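This report considers the packing of a protein interior and the empty space left within it. The sequence and structure are shown first.

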Amino acid sequence: MKLLIKDVYVVLPDGTTPLTNIMVEGNQIAGIGEVPADFRPAKVIDGKNHLATPGFVNAHTHTAMTLTRSYADDMALMEWLNDKVWPIEAKLNEEDIYWGAMLAMVEMVRSGTTTFADMYGPYMNRVAEATMDAGLRGVLSRGIIGAAPDGEKKLEENIELYKDYNGANNGLITVMFGPHAPYTCPPEFLKKVAAAAQKLGAGIHMHMHETKTEVEDSLKQYGRRPFAWVAETGIFDGDLNLAAHCVHLDDEDIAILKKYKISVAHNPGSNMKLASGVAPVPRLLKEGVVTALGTDGASSNNNLDMLEEVNLAAMLHKVNEYDPLAVPAFEALKMGTEYGAKAVGIEKAGRLEKGCKADITLWDMNSPAWFPRNNLVSLLVYAANSSSVDTVICDGKVIMENNELKTLDEERICYEAQRCAERLTK
């Protein structure tokens, strides 16, 4: 199908925002600019007073954790995990996972996200189903806790997830391997994960250096920081590596990131709320480390709003570095789009230009926050909020238009998610 978005302001890869047209053919952007006489669209979207950006890429989340939103707040990470999160997650069944993921799909679509990287527990097949039902791009991994008695079973489940769903839904589903973290996956177990992932050609998605305690405990147990010994297991020897958080890094850690071309998923909202610290993002960007943005789960954020993460990434590092230029608005926006696509291994995505994937979010600028229009990128990052999202296109398909969801029954999903949560928290 050919689609035309006419008379819309477009955020181009160079940061300019001309008033122009976007032509979509199939799942690709066929062109940006004047519409050729022979381009006959089946559908036309009026882009008047709208801004087009690439769809957001949420590079690190746990979708079904929507069910524990507001359940365990104002706690430190390990207390939060051990006393609240892991006990309730032990009760999850596959219906809970599906409806929790579906609630996340609604929230992500409504806030302009078209791609997400998810790491969670059992029944990831139901997350794949929810992703396909929504029409989004999902980069899925089974969270593997190797120190658990059933660690080997979890690894087998990730292998099965890859075999069953990698490339599913016309390539919208990608499967990675999800060893949870260095403190839950011993070296010998990580070697097994590495072998399995590399045999299949799958990437790795792993929490790394989230808290000071994680680093200190590693020094006590192994005499080394986590990145040093984790790299020696071979886990990062594949072509696609994504490390979530990376808050506490030294020179050696950053050298390892660069050596193995490991991308970082920065989670400013979650790191602030759990008081984990501030990742050295300005340095990572200067050193050429691909640095994306993620929300983390809705239990530690507590939302899946990527525009909020873009804003936090721009604001947090300014105050932390005492430098208003630490992360400029457009750089923060690229962290949530172009860099995110690179981090999760989606080629030709995260940019609005000919030949790229047609993952597009349209922002309605008919509200006070969008005036005066001195700089549209600045308005988006510093003034607007996700309620301005009006239309979302993923892989060339319109999945929300004029605020109306096309693939999801929001009322039913909210009802089912509430029902599941009530059973879990009894």
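Which residues have the most contacts inside the largest nonpolar core? In this predicted model, they are Trp80, Met105, Phe177, Phe227, Phe236, Leu257 and Leu408, within a core of 110 residues. Helix 2, spanning residues 94-110, gives the most to this core, with 11 residues. A second, separate core has 17 residues, among them Ile5, Val8, Ala52 and Cys356.

Leaving out residues up to four places away in sequence, Trp80 touches Met65, Ala72, Met75, Val85, Leu274, Ser299 and Ser300.

Helix 2 is also the place of Glu107. Is Glu107 buried or exposed? Glu107 counts as buried because its relative accessible area of 18% falls under the 20% cut-off. Apart from neighbours within four places in sequence, Glu107 is in contact with Arg69, Asn303 and Leu304.

Three cavities of 30 Å³ or more are present in the structure. The table describes two of them.

| Cavity | Volume | Lining by class |
|---|---|---|
| Largest | about 80 Å³ | seven nonpolar, two polar and three charged residues |
| Second largest | about 50 Å³ | three nonpolar, four polar and three charged residues |

The lining of the largest cavity receives the most from helix 13 (residues 329-335), which gives three residues. Val11, Leu12, Pro13, Phe330, Leu333 and Lys334 are among the residues that line the largest cavity. Pro54, Gly350 and Arg351 are included in the lining of the largest cavity and also in that of the second largest. The second largest cavity is further lined by residues including Val57, Thr114, Thr115, Lys357 and Asp359.

Definitions and conventions. Residues numbered from 1 in each chain as written. Predicted model: local features only at pLDDT ≥ 70, side-chain atom pairs only at ≥ 80, totals over all residues. Heavy atoms only, no water. Core = buried A, V, L, I, M, F, W, Y, C linked by side-chain atoms within 4.5 Å. Buried < 20%, exposed > 50% of the residue type's maximum accessible area, 1.4 Å probe, protein only. Helix = DSSP H or I, 4+ residues; strand = E, 2+ residues; numbered from the N terminus. Contact = heavy atoms within 4.5 Å. 1 Å grid on protein atoms, 1.4 Å probe; cavity = no way out; pocket = protein on both sides within 12 Å on 5 of 7 lines; lining within 4 Å. Points joined across faces, edges and corners; volume = space filled by probe spheres on them. Nonpolar A, V, L, I, M, F, W, Y, C, P; charged D, E, K, R; others polar.
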